[in-house]
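Work through the exercises below with the sequence and the structure in view. Try each task before reading its solution.

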Amino acid sequence: MKAGEVRSGLRLLREALRGSRGALLRVGVWSAVEAAPALAAGWVLAAALDRGFLAGRPSVGVAWLLLLGGLYVIRALAERAVFEPLARIVEPLRDELVRRVVRGTLHAAAYRTRPADAAGVSRLTTQVDGVRGIVGSILRTARPLAVTLVAALTGLATLDPLLAGLVALPLAAAVAVFLLSMRAVTRRRREYLIAEERVAATTGAVLAAGRDLTALGAEEQAVADVRRAADASTAAALSVARAAAVRVPVLLIGGQLPLLLLLLTGPALVARGAVRPGVVVAAILYVTAYLIPALQLMTGSVAGYWSQLRVLSGRLAAASAVPEQPREPVPAVETEAGDLVVRGLTFAYGPHAEPVLRDLDLTVPDGDHLAVVGPSGVGKSTLAGLLAGIETPLAGSVTLGGHPARVGPIALLPQEAYIFPATVGENLRYLAPELDTAALDRAVAAVGAAGLVARLGGHTAELADPASTLSAGERQLIALARMYASPARVIVLDEATCHLDMAAEAVAEAAFAGRPGTLIVIAHRLTTAARARRILFLDGGSPALGTHAELLATSPAYASLVGHWSMPKPAPST
């Protein structure tokens, strides 16, 4: 695994946990309390044997054991108290990681810094939830493991340094071997995670292209691609399991060997008077009750958690990275007059697909009102996305005032308006956060949404579930007001009024026509096209540009489309 990715992942975790310092401090305090039995167990047992039972004073021995029982009661209370601050750590951690991954993914999509694929779904679900679960598991297992290990070694060292040496030397060797092996385990876990992402990306690509694959008869090739990705993931998982097998010798050297040394040397040391019998039994207690279980946890679940955490956090750090500068530095864009210029624009939905648009040239002067019309599927919405910089052309350019359109002040409003759960005012101010209330009210009134906003309860009204509580037309009205209030110099409306009645549509379009700047409307009604100053007609051949009257006179295809729009709808059958 790359060292830079590891450092980035750990840095991401530190930043995401920054707001949980108080909860982490409380966990640390309770952890110190939990360590009390591990620290004192050997001392208490040695005293119970040497000063009590072996000295013929059983009541004293029982008293010492009761003291040890009391320490375990305190530990149980501390373990229970830890869960509340743990929840205050892991839940905000997940929320922060989701925010960072979404921000990074959207940034990558907007600036094309990474190829778009379905692996983002894996990062937002499996990987983020994986980090949340692993951090919680580490805090529940590795935390008590660490304090128990330190407390047990400290208790043994202060109880008898000679016996502590017999235990510490093989334990240190086992830990060293374990730490060296962790690098290989982590590297293989990273390879496994990348293989899983490839499965998600390959499957997503196949599902997205299902109709094309069927049309081309490429189903078998698609299945083979998915199978190869799945087989690679299986092989990577087996590789992780083989690398993790090193835990067996680590347990033998670090846990069983010290126990064997104590059993072999203890009787001789007692016979020579070097140690008391209770001390030997206490040392065995430290090894069997604390050190061996700690080693088992360290080489088992904790090792797996730690290697997974390093890999997952590294992948999330890469996905959430937002550089200070985009790949192509954004120049300062003037907001005064600037023509929208299209030159040689060509776009297709695949390398072997027929272009939807080919060598399109168009100049939209600043302040113009242009309607784009044509039959369904001819590329009107595609052109809207290209003008706004959402789609990338195969060839050609779109500039506004001499700058690339995707970094210019261009805003696109599609047919399906998105209203997010928040207040009405937060939705309206989304593109202009600093806009004062008076200017916002003027925007709302201009597009004919004043009655709707008042009925909803004003700017402070909560929209808990806009998708179900607002109709499609109401969502469009709020989105139109939001767009009108934005600082965008060029507005592209892609059938953004299709759910409004003709009167409401006329009010909204008149508002945008009178708004400073350029208006481009993808028209779906004759009235919309007729209100524009110029019309661009697309029919799959050579585009035609002119006024409504000019196109009626010079383009039979446009005249036919207008006739179709004007044709009265047949009465419903009875």
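R80 is exposed, because its relative accessible area is 69% and exposed means over 50%, buried under 20% and partly exposed in between, with a 1.4 Å probe and protein chains only. The model used here is a predicted one, in which local features need pLDDT of at least 70, side-chain atom pairs count only at pLDDT 80 or more, and totals for chains, interfaces and linings use all residues. Residues are numbered from 1 along each chain as its sequence is written, and side-chain values use heavy atoms, with hydrogens and water left out.

**Exercise 1. Two arginines**

Task: Find the helix in which R80 lies, and decide whether R75 is buried or exposed.

Solution.
Step 1. R80 lies in helix α4. Helices (H or I, at least four residues) and strands (E, at least two) are DSSP runs, numbered from the N terminus.
Step 2. The C-alpha atoms of R80 and W30 are separated by 9.4 Å, with their positions 50 residues apart along the chain.
Step 3. R75 lies in helix α4, which covers residues 58-111.
Step 4. The relative accessibility of R75 is 16%, so R75 counts as buried.
Step 5. Residues up to four places away in sequence are not counted; R75 then touches E34, P37, T148 and Y290. Contact means heavy atoms within 4.5 Å.

**Exercise 2. Pairs separated in sequence**

Task: For G133, Q296 and E391, state the location, the accessibility class and the C-alpha distance to a partner.

Solution.
Step 1. G133 lies in helix α5 (residues 119-159). With a relative accessible area of 29%, G133 is partly exposed. Its C-alpha atom is 9.6 Å from that of L309, and the two residues are 176 residues apart along the chain.
Step 2. Q296 is found in helix α10 (residues 277-320). Its relative accessible area is 40%, so Q296 is partly exposed. The C-alpha atoms of Q296 and V248 are separated by 9.2 Å, at 48 residues apart along the chain.
Step 3. Leaving aside neighbours within four places in sequence, Q296 is in contact with R247, L251 and S301.
Step 4. E391 is placed in the loop between α11 (380-388) and β4 (395-400). E391 counts as partly exposed because its relative accessibility is 31%. From E391 to F347 the distance is 8.7 Å, C-alpha to C-alpha, for 44 residues apart in sequence.

**Exercise 3. Positive phi**

Task: Where are D359 and E495 found, and what is phi of D359 and of E495?

Solution.
Step 1. D359 has its place in strand β2 (residues 357-364). Phi of D359 is near 50°, a positive value in a residue other than glycine.
Step 2. D359 has a relative accessible area of 52% and is therefore exposed.
Step 3. E495 is found in the loop between β9 (490-494) and α17. Phi of E495 is near 50°, again a positive value in a residue other than glycine.

**Exercise 4. A helix pair**

Task: Describe how α16 and α17 are placed relative to each other.

Solution.
Step 1. Two packed helices are described by the angle between their axes and the distance between the axes.
Step 2. The axes of helix α16 (residues 472-485) and helix α17 (residues 502-514) come within 11 Å and cross at roughly 10°. Axes are lines fitted to C-alpha atoms, for helices over the stretch in contact, and angles run from 0 to 180 degrees between N-to-C directions.
Step 3. With that angle, α16 is roughly parallel to α17. Angles under 35 degrees count as roughly parallel, over 145 as roughly antiparallel, 65 to 115 as roughly perpendicular and the rest as oblique.
Step 4. On the α16 side the contact is made by L480, M483 and Y484, and on the α17 side by A508, A511 and F512.
Step 5. By class, this contact has six nonpolar, no polar and no charged residues. Ala, Val, Leu, Ile, Met, Phe, Trp, Tyr, Cys and Pro count as nonpolar, Asp, Glu, Lys and Arg as charged, and the others, Gly among them, as polar.

**Exercise 5. The whole chain**

Task: How many helices and strands does the protein chain have, and what percentage of its residues count as buried?

Solution.
Step 1. The protein chain has 20 helices and 12 strands.
Step 2. Of its 574 residues, 44% count as buried.
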